Amino acid sequence: MQMLKSILANHEGFEKEIEKILQYASELMADLPYKRQTTLEEKYLLLESLILRACALWEKFIENQLILLVKFSSYKFKQEMGLSHKTKLDLNLIRAILFSDIYRDFHDIDRSKSFFKKYIDEKNNSFEKIPNEQLKSIQFIYKIRNYLSHYSDFSKKKLFDAYKKEYRLKRFFEPGQFLFKQKGKKFQDLVANFKYASIYMKSLFRSD
């Protein structure tokens with residue numbers, strides 16, 4: 001029961017952080033009278049910064065979720081790692097075993113999905129509850145994130161390809177310009193998918 005509470009708390013904490021980002025972006029777009037008027041260039045930069053923060057929060061959430069789910073049901077993890085079924089696992093030990101031998105990241109949706117599939121039994125694998133619509137949106141967000149993190153020609157090409165495929169755009173927009181479209185609606189629609197993904201995952205453990 002305690003582990004279930006911890007799993008739900010991880011979801012709720014993440015969702016609140018995403019809501020804060022969405023609310024801040026909404027106020028930024030609205031130019032509320034009690035705030036200093038923000039220039040267009042500043043809005044672009046702030047939206048880009050918020051995208052990076054949302055991605056970082058998602059990665060922290062997914063890492064924590066994986067560790068919590070291993071603790072919740074550890075049979076498959078022990079089997080995969082060649083551990084005795086009598087091995088007593090706490091969260092710190094699980095983290096050390098999972099992440100000590102190699103750097104693992106959760107930038108890639110397919111890679112994240114494979115981690116859950118490898119270490120979590122099917123009954124408790126909440127990652128499988130995320131619909132394709134949310135997965136595709138998060139993958140698109142990471143095209144933006146990768147470009148903002150590197151500004152390489154390769155990441156720019158990947159982002160432009162995604163613009164053309166998903167939005168039929170014929171020219172490249174810097175992420176801030178793209179996210180600002182329709183008074184920030186693009187930003188709101190995309191970032192909200194992090195929260196929706198968490199809600200779908202959480203549904204595996206909620207009876208209400």
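The exercises below concern charged side chains in a predicted model.

**Exercise 1.** Determine which helices the salt bridge between K195 and E19 ties together, and classify both residues by accessibility.

*Solution.* Begin with the contact itself: the closest N and O atoms of K195 and E19 are 2.7 Å apart, which falls within the 4 Å that a salt bridge requires. Next, place the partners: K195 belongs to helix α8 (residues 175-202) and E19 to helix α1, so the pair connects parts that are 176 residues apart in sequence. Finally, consider accessibility, where partly exposed covers the range between 20% and 50%: K195, at 21%, is partly exposed, and E19, at 37%, is partly exposed as well.

**Exercise 2.** Describe the salt bridge between K20 and E17, and name the network to which these residues belong.

*Solution.* The closest N and O atoms of K20 and E17 are 3.3 Å apart. Both residues lie in helix α1 (residues 2-30), with a spacing of three residues, or about one turn of the helix. K20 has a relative accessible area of 53% and is therefore exposed, since the cut-off for that class is over 50%. E17 and K20 are also linked with R53 in a network of salt bridges.

**Exercise 3.** Locate the patch of positive charge on the surface and the helices that contribute to it.

*Solution.* The residues that gather in this patch are K136, K143, K158 and K165. The elements giving two or more residues to the patch are α6 (132-150) and α7 (153-167). K143 is placed in helix α6, and its relative accessibility of 30% makes K143 partly exposed.

Technical notes:
Residues numbered from 1 in each chain as written. Predicted model: local features only at pLDDT ≥ 70, side-chain atom pairs only at ≥ 80, totals over all residues. Heavy atoms only, no water. Patch = residues over 30% accessible without salt bridge, like charges linked within 9 Å, V, L, I, M, F, W, Y side chains within 5 Å. Areas by Shrake-Rupley, 256 points an atom, 1.4 Å probe, with all protein chains shown as cover. Salt bridge = Lys/Arg side-chain N within 4 Å of Asp/Glu carboxyl O. Lys, Arg positive; Asp, Glu negative; His and termini not counted. Charge placed at Lys NZ, Arg CZ, Asp CG, Glu CD. Helix = DSSP H or I, 4+ residues; strand = E, 2+ residues; numbered from the N terminus. Buried < 20%, exposed > 50% of the residue type's maximum accessible area, 1.4 Å probe, protein only.
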